[in-house]
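Hello,

Here is the structure I promised to pass on to you. Please have a look at it first, and then read my notes below.

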Amino acid sequence: MLTIHFQALNFKANVKLKEYAKKRIQKLLLFNKQIIEVFIFTKLENNSDRNNKWAEIKIEIPGHDIIVKKISKSFEESINKVAESAERILKRRREKERVI
C-alpha cells in the first residue's frame with residue numbers, strides 16, 4: 001500500500017494543491033507496484049526570480065530510493081516536472097529488470 005506524505009516549507013499549502021500532488025503521484029504506481037512511501041516537499045524560495053517554487057519527491061522502493069527535484073513558476077508545474085522525471089526513471093529501471 002502506498003503512503004504519501006506532503007510537506008510545505010515557507011508557506012501554507014491549500015487542500016487543492018495537496019490533492020493535486022497526491023493524485024499526480026498516485027499515477028507512479030503504474031510504473032512500479034513496489035513503491036512503499038512517497039514524500040512530497042514543496043518550497044517557496046525568497047528571491048526576486050519568478051522561478052521560485054520548487055518540488056521534490058523521494059520515492060522509497062525496496063533496495064532503491066529515487067529523489068527528484070524541480071523548480072518552476074508554479075507548484076503545479078514543479079510537481080508535474082518531478083512526476084514526469086520520476087516516471088522516466090521508473091520506466092528505465094523496469095526495462096533494466098526485464099533484461100536481467
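For a chain of 100 residues, a compact globule would have a radius of gyration near 13 Å, and the protein chain, at 14 Å, agrees with that. Please keep in mind that this is a predicted model. The C-alpha trace spans about 50 × 25 × 20 Å along its principal axes.

On secondary structure, the protein chain has two helices and four strands. Reading from the N terminus, the order is β-α-β-β-β-α. Of the contacts between residues at least 6 apart in sequence, 51% join residues at least 24 apart.

Now for burial and surface. Buried residues account for 35% of the 100 residues. The accessible surface of the protein chain comes to about 6500 Å², and 50% of that belongs to carbon and sulfur atoms.

The charges come next. The protein chain carries 23 positive and 13 negative charges, and the mean positions of the two sets are 3 Å apart. Side chains of opposite charge can pair when their charged atoms come close. How many salt bridges does a search of the whole structure find? The search finds three, and I will take them in turn.

Arg 24 and Glu 87 form one of them, with their closest N and O atoms 2.9 Å apart. Arg 24 sits in helix α1 (residues 15-26) and Glu 87 in helix α2 (residues 75-99), so this pair ties together parts that are 63 residues apart in sequence. Are these two partners buried or exposed? Arg 24 is buried, because its relative accessible area is 12%, and Glu 87 also counts as buried, at 14%.

Glu 77 and Lys 81 form another salt bridge, at 3.7 Å from N to O. Both residues belong to helix α2, where they are four residues apart, about one turn of the helix. Glu 77 is partly exposed, with a relative accessible area of 34%, and Lys 81 is partly exposed as well, at 31%.

The remaining salt bridge of the three pairs Lys 58 with Glu 60, whose closest N and O atoms are 3.7 Å apart. Here Lys 58 is partly exposed, with a relative accessible area of 26%.

Two further residues may interest you when you go through the model.

One is Asn 10, in the loop between β1 (3-9) and α1. Most residues other than glycine have a negative phi. Asn 10, however, has a positive phi, near 70°. Asn 10 counts as exposed, at 53% relative accessibility.

The other is Lys 69, in strand β4 (residues 64-72). Lys 69 is exposed, with a relative accessible area of 56%. Which residues does Lys 69 contact, leaving aside its neighbours within four places in sequence? They are Ala 55, Glu 56 and Val 82. Val 82 falls within the residue range given for helix α2 (75-99). The C-alpha atoms of Lys 69 and Ser 85 are separated by 9.0 Å, with the two residues 16 apart along the chain.

If you open the model with one pair in mind, I would start from Arg 24 and Glu 87, the salt bridge between helix α1 and helix α2.

Best wishes

Terms used. Residues numbered from 1 in each chain as written. Predicted model: local features only at pLDDT ≥ 70, side-chain atom pairs only at ≥ 80, totals over all residues. Heavy atoms only, no water. Rg over C-alpha atoms; globule rule 2.2 N^0.38 Å. Buried < 20%, exposed > 50% of the residue type's maximum accessible area, 1.4 Å probe, protein only. Contact = heavy atoms within 4.5 Å. Areas by Shrake-Rupley, 256 points an atom, 1.4 Å probe, with all protein chains shown as cover. Lys, Arg positive; Asp, Glu negative; His and termini not counted. Charge placed at Lys NZ, Arg CZ, Asp CG, Glu CD. Salt bridge = Lys/Arg side-chain N within 4 Å of Asp/Glu carboxyl O.
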